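Reader: I should like to learn how to read the features of a protein model. May we go through them one at a time?

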Amino acid sequence: MNTPPVCNYEGSDYQTSFWEKGGRAYEDAVEEKALQRLLPASGKLMLELGAGAGRNTSRYKNYEKIVLLDYSRTQLEQARARLGDCERYVYVAADVYHLPFVSGLFDGATMIRTLHHMADARLALQQVADVLQSKAVFILEFANKHNLKAIVRYVLHQQSWNPNSPEPVEFAALNFDFHPQTVSSWLKSLGFLVEQTLTVSHFRMAFMKKLIPLKMLVWMDSMAQLTSDWWQLTPSVFLRNRLRTEKENAAAGTFFRCPKCGAALNDTPPLLKCSCGQSYPVQDGIYDFRLEK
Ligand SMILES: C[S@@+](CC[C@H](N)C(=O)[O-])C[C@H]1O[C@@H](n2cnc3c(N)ncnc32)[C@H](O)[C@@H]1O
């Protein structure tokens, strides 16, 4: 399968420079609020797509086991340093477009701040649907092109792209904003029911973050999230989706599959060998299923 390029975070200090030293305490806290509202009360196996350095992973408390998937090995190394090595976490370097799991495996998944790197977002969502069980919950965050700032800028002729049009906009290389109706229509066509929508980061403005104490701003955003069914004008939108497609769960004892040929793989670290000739190393607790691009 010929798939779009990956936005490469190898060697990036994203977690430190963007989150810890980048003045993003407000964004982090309101995302936590949204996740608290959307996550189910319990779950067995969660797939975190584009997990990065594991900023959100400890928030998935109600899941028994979590697979952190990211294309960047160094992001996963940071996640592993933060979360540690235990039965509950599985670290997997792989491409969202070539998921190394058998069909119908997970009863939960999240994709936070990752769809915006997908040049073929519908194809990426299709891969996610395949590895989910029937009735699984999928929490998706996406960057919203139809946000208030973009609308005002467009009206004032300060921005060339139209925030009302359905197609994604690539505002920087491999960085996309999406129209909420387009994302909903993709999800629907892939068998998902959008159960709940939350608008997040209503007050993502430097002057507000400076003037209003963090706790107050987070509370205001938490209240504003309750208006989500009426309008979606924030830069970030969270959706809780449920897969309605009827299908068989993955057979007991199966987990990985070859991202190249699709055959089920035996979990035999330090090397998983496929009958097609491809093999996948496991090094320092990280499975590596990345194929040559
Ligand atoms: C902006 S970071 C978000 C990390 C984390 N979800 C968070 O919110 O802190 C996006 C992550 O997506 C990963 N990523 C981008 N394209 C990917 C792909 N095609 N397959 C797997 N991971 C990908 C990057 O390596 C990066 O760690």
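Author: Let us begin with burial. A residue is buried if 20 or more other C-beta atoms lie within 10 Å of its own, and exposed if 12 or fewer do. Please bear in mind that this is a predicted model.

Reader: Which residues of helix α6 are buried?

Author: In α6, which spans residues 180-189, the buried residues are P180, V183 and L187. Seen down the axis of α6, these residues fall within an arc of 65 degrees, so they line one face of the helix.

Reader: Why do residues three or four places apart point the same way in an α-helix?

Author: An α-helix has 3.6 residues a turn, so residues at that spacing point the same way.

Reader: Which exposed residues does the face of α6 turned away from its buried side carry, and against what do the buried residues pack?

Author: The face turned away carries the exposed residues Q181 and S189. The buried residues of α6 pack against α4 (121-131), β5 (132-143), β8 (192-200) and β9 (236-243). Just after α6, G191 takes a positive phi of about 100 degrees.

Reader: How should helix α8 be read in this manner?

Author: The buried residues of α8 (residues 214-224) include L217, V218 and D221. They cover an arc of only 100 degrees around the axis, which puts them on the same side of α8. The face turned away from that buried side carries the exposed residues K215, M216 and M223. Against α2 (25-38) and α7 (206-211) pack the buried residues of α8.

Reader: How does one describe a sheet?

Author: One gives the order of its strands and the way they pair. Here an open sheet of 10 strands has the order β8-β9-β5-β4-β1-β2-β3-β12-β11-β10, with mixed pairing. β8 and β10 (271-273) stand at the edges, each with a single partner strand, so one side of each is left without a neighbour in the sheet. From one strand to the next, the twist averages 20 degrees.

Reader: How many bridges join β1 to β4?

Author: Strand β1 (residues 43-49) and strand β4 (residues 106-111) run parallel and are joined by 4 bridges. L49 stands opposite M111 in β4. As for helices on the sheet, α4 packs on it, touching β1, β4, β5, β8 and β9, and its direction makes about 150 degrees with that of β5.

Reader: Finally, which residues come nearest to the ligand?

Author: Of the 20 residues around the ligand, Y9, G50, G52, R55 and Y71 come nearest. The shell divides into 9 nonpolar, 7 polar and 4 charged residues.

Conventions: Residues are numbered from 1 along each chain as its sequence is written. This is a predicted model: local features need pLDDT of at least 70, side-chain atom pairs count only at pLDDT 80 or more; totals for chains, interfaces and linings use all residues. A residue is near a molecule or strand if its C-beta atom, placed from the backbone, lies within 6 Å of it. Ala, Val, Leu, Ile, Met, Phe, Trp, Tyr, Cys and Pro count as nonpolar, Asp, Glu, Lys and Arg as charged, and the others, Gly among them, as polar. Helices (H or I, at least four residues) and strands (E, at least two) are DSSP runs, numbered from the N terminus. The arc is that of the directions from the helix axis to the C-beta atoms. Two residues are in contact if their C-beta atoms, placed from the backbone, lie within 7 Å. Two strands pair if DSSP finds at least two bridges between them. Axes are lines fitted to C-alpha atoms, for helices over the stretch in contact, and angles run from 0 to 180 degrees between N-to-C directions.
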